[in-house]
Structures are given as C-alpha cells and as structure tokens.
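Biologist: Before we accept any of the labels attached to this model, I would like to go through them one at a time and hear the reasoning behind each.

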Amino acid sequence: MRISVAISTRDRPEALARCLDALAAGDALPTEVVVVDQSRDGRTRAVIEERQTGPLPIVYVRQEAHGLGVAQNAAVVRSSHPVVAVTDDDCIPDRGWLAAIARTFAADRGIDAVTGRILPLAAEGSKVHPVSSRTRTERRDFHGRAVPWEVGSGNNFAVQRSWFERVGGCDERLGPGSPARGGVDMDLFYRLLRAGARIRYEPASLVYHERQTRAERRARRPMYGRGMGACCALWLREGDLYALRVLLAWLALRTGAAARFLRRGDWSGVWEEILLLAGTARGLLHGLRLRAP
C-alpha cells in the first residue's frame, strides 16, 4: 500500500530529526514524507536537507501561516497517495507503526481511518509527565455518533484522502496556533464519523510521545479545554444536538477526575482539572463568536 506520512513542525528541529530517523528505521517505509515547516529560522530545513539522500523520499513545504490545521491541510494537498498517515514532530513512531496501518486498511476495505496507541517516551530530566496518551489495548471500531476523545488523538492517525477531502479537511479555526488553541483533531474525527466514515482504533498502530515538564503539561490543560469547548459550540451552531451530549460527557469526565484527585489529596491534579474546565468555558464562548470558515 502506498502511504504518505504528514508531519507538521515549528521550531523543533531536534525532535523532527528523531521522528524522521524513526520512520526511516521502520519495518515498512512510507512512499513519501510531507513535512510542513512553519519555523522561524532555517534549522528545520537543514534537518531535511541532511536526510534528502536517505531512504525517505521527503517533500518539504515551507509555510508562513501558523496553525496545526493549516499545516495538516497543506500536507494532505501536497501528498500523492490515497492514504495519509499523520504524526507529530515530537513523536517517535514504533517500528511497526506504518505496517500496522497498511495491514488494517488492506484487511478491511470498509475502514476509512485508523487511530492507535500513544505511549509516553522514557522520562528525561524534568520531562516526566505524559500527555495525550492512549493506552487501550483492545481494537475498537467507531461508526456514527461517538465522543471523539475515545476515538484517538491527532498525533497518531491515518485517513483515506478521499474522506479527508469529503469533510473539508481540518477546520483551520481550531488547533494549536489558532485562537481556539486546540480541538482540531477532535473536530476532524467527529465530522468524519458524522459523515458516515468508519474509524478503527488499532492498538498495533503505536507511536511514542515526548513527555513534558509539569509547567509544560499544566500550560496545555487550558488549551485542551478551550479546544473542546470551541468544538462543541461550533457543532451546536450547525444544529447538531448530539454535541450537547458530547459536552456533558466531557464535563462529567473532567469533574469526575477532579473528584478522584481531591479524594487522594492531589491538589496539583485538582488544579489541572480546574484549568481544563475554565478553558472549556472560554472555548464555548470563543466558538459561539467564531466566523464561518
């Protein structure tokens, strides 16, 4: 199966080099790797040039605009193959990552997108806190309505390009680098399912995600909440009443986590959940004010 890999990057040349080297050492190589670079200097381009003669056919796209949604749309536009697999520059794909994606699509022609496990890398210095992990080891298919955080995460998914185009790609009003700051992956999964796509969570599709310091993890909590709130507001504005159920499930998830932290006396965990909930409230207001794309 001919698969394009899409990676968006901004000012993390060392992490990008590590990600590309892991792809090059995989059991199956991508047919091409499209790297969209929004960096402020030339260090990322130098990383690409160093690897142009290696085993990976790399397509380099320089982009002045900022935002993960903008970058992922550009990567898919420049890709040449019917399946696009997406990971982040601060992730390390497992050796079997791309092979697992190819097997999943080949074994079941009814699959339109694949997500998978995300495990934390080993702790390094003060970077000891995992983020965006998906640890479930049971395969699961999603079709129709679902809460999107159970489907997967944006740093490990693959999609049929035809389906990505059918739903209009990523909403560039969402995600890191946009005023909404998050939610671009949750929105994409939700709209794919709403349009009739079938998404498989395949635990053999595995990437490892860089840990963060406590301050970095805490700084991301309001972003996650803001993105989720903005998504729900946008879906409700479209007349999608199931979004209210998603919002209530999200609030129950976060308040339940806060209660568990409180019972354990983990005040740091309580504070993180408060940050998430406050971000959700701000995201709802932001989503209600957003202009049409």
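Biologist: What makes R282 count as buried, partly exposed or exposed?

Modeller: The model is a predicted one, and in it R282 has a relative accessibility of 43%. Buried requires a value under 20% and exposed a value over 50%, so at 43% R282 is called partly exposed.

Biologist: Where does R282 lie, and what does R282 touch beyond its neighbours in sequence?

Modeller: R282 lies in helix α9, and, not counting residues up to four places away in sequence, R282 touches P222 and R226. The C-alpha atoms of R282 and A180 are separated by 9.3 Å, although these two residues are 102 residues apart along the chain.

Biologist: How do you know that the length of α9 is close to what is expected of a helix?

Modeller: Helix α9 covers residues 267–289, which is 23 residues, and from its first C-alpha to its last it reaches 33 Å, close to the 33 Å expected at 1.5 Å a residue. Helix α7 can be set against its expected span in the same manner: with 24 residues it reaches 35 Å, close to the 34 Å expected. After α7 comes G239, whose phi is positive, near 85°.

Biologist: Which elements do the buried residues of α9 pack against, and what is found at the start of α9?

Modeller: The buried residues of α9, among them V270, L275, L276 and H286, pack against α7 (214–237) and α8 (242–264). At the start of α9, a side-chain oxygen of D266 comes to within 3.3 Å of the backbone nitrogen of S268; the cut-off for a polar contact is 3.5 Å, so a distance within 3.3 Å satisfies it.

Biologist: Why is strand β1 described as largely enclosed by the rest of the structure?

Modeller: Seven of the seven residues of β1 (residues 3–9) are buried, so the strand is largely enclosed by the rest of the structure. In a regular strand the side chains alternate between the two faces of the sheet. Both faces of β1 are covered, with I3, V5, I7 and T9 buried on one side and S4, A6 and S8 buried on the other.

Biologist: What makes V5 count as buried, and which residues is V5 in contact with?

Modeller: V5 has a relative accessible area of 0%, and since buried means under 20%, V5 is buried. Leaving aside neighbours within four places in sequence, V5 is in contact with L23, P30, E32, V33, V34, A85, W97 and L98. A85 is also the bridge partner of V5 in β4.

Biologist: How do you know that β1 pairs with strand β4 and strand β2?

Modeller: Pairing calls for at least two bridges, and β1 and β4 (residues 83–88) have six, in the parallel sense, so they are paired. Six bridges also join β1 to β2 (residues 32–37), again running parallel, and S4 stands opposite E32 in β2. Together β1, helix α1 (residues 13–24) and β2 make a right-handed β-α-β unit.

Biologist: Why is Q38 called buried, and what does its side chain reach?

Modeller: The relative accessible area of Q38 is 6%, which is under the 20% cut-off, so Q38 is called buried. Q38 is found in the loop between β2 and α2 (43–51), and its side chain reaches the backbone oxygen of A65 at 3.1 Å and the backbone oxygen of G67, also at 3.1 Å.

Biologist: Why is A99 placed in the buried class?

Modeller: The relative accessibility of A99 is 16%, and because the limit is under 20%, A99 counts as buried. A99 has its place in helix α4 (residues 97–107), and its C-alpha is separated by 5.4 Å from that of A28, 71 residues apart along the chain.

Biologist: How do you know that C170 forms no disulfide?

Modeller: The closest cysteine sulfur to that of C170 is in C231, 11 Å away, and since a disulfide needs two sulfur atoms within 2.5 Å, this is too far for a bond. C232 is in no disulfide either, the nearest cysteine sulfur, that of C231, being 6.8 Å away. The count of disulfides comes to zero. As for accessibility, C170 counts as buried at 5%, and C232 is buried at 0%.

Definitions and conventions
Residues are numbered from 1 along each chain as its sequence is written. This is a predicted model: local features need pLDDT of at least 70, side-chain atom pairs count only at pLDDT 80 or more; totals for chains, interfaces and linings use all residues. Side-chain values use heavy atoms; hydrogens and water are left out. Helices (H or I, at least four residues) and strands (E, at least two) are DSSP runs, numbered from the N terminus. The expected span of a helix is 1.5 Å times one less than its number of residues. Buried means under 20% relative accessible area, exposed over 50%, partly exposed in between (1.4 Å probe, protein chains only). Contact means heavy atoms within 4.5 Å. A polar contact is a pair of N or O atoms within 3.5 Å; within protein, one must be able to donate a hydrogen and the other to accept it, and residues adjacent in sequence count only if both atoms are side-chain atoms. A crossover is right-handed if, with the strands pointing away from the viewer, the path from the first strand over the helix to the second runs clockwise.
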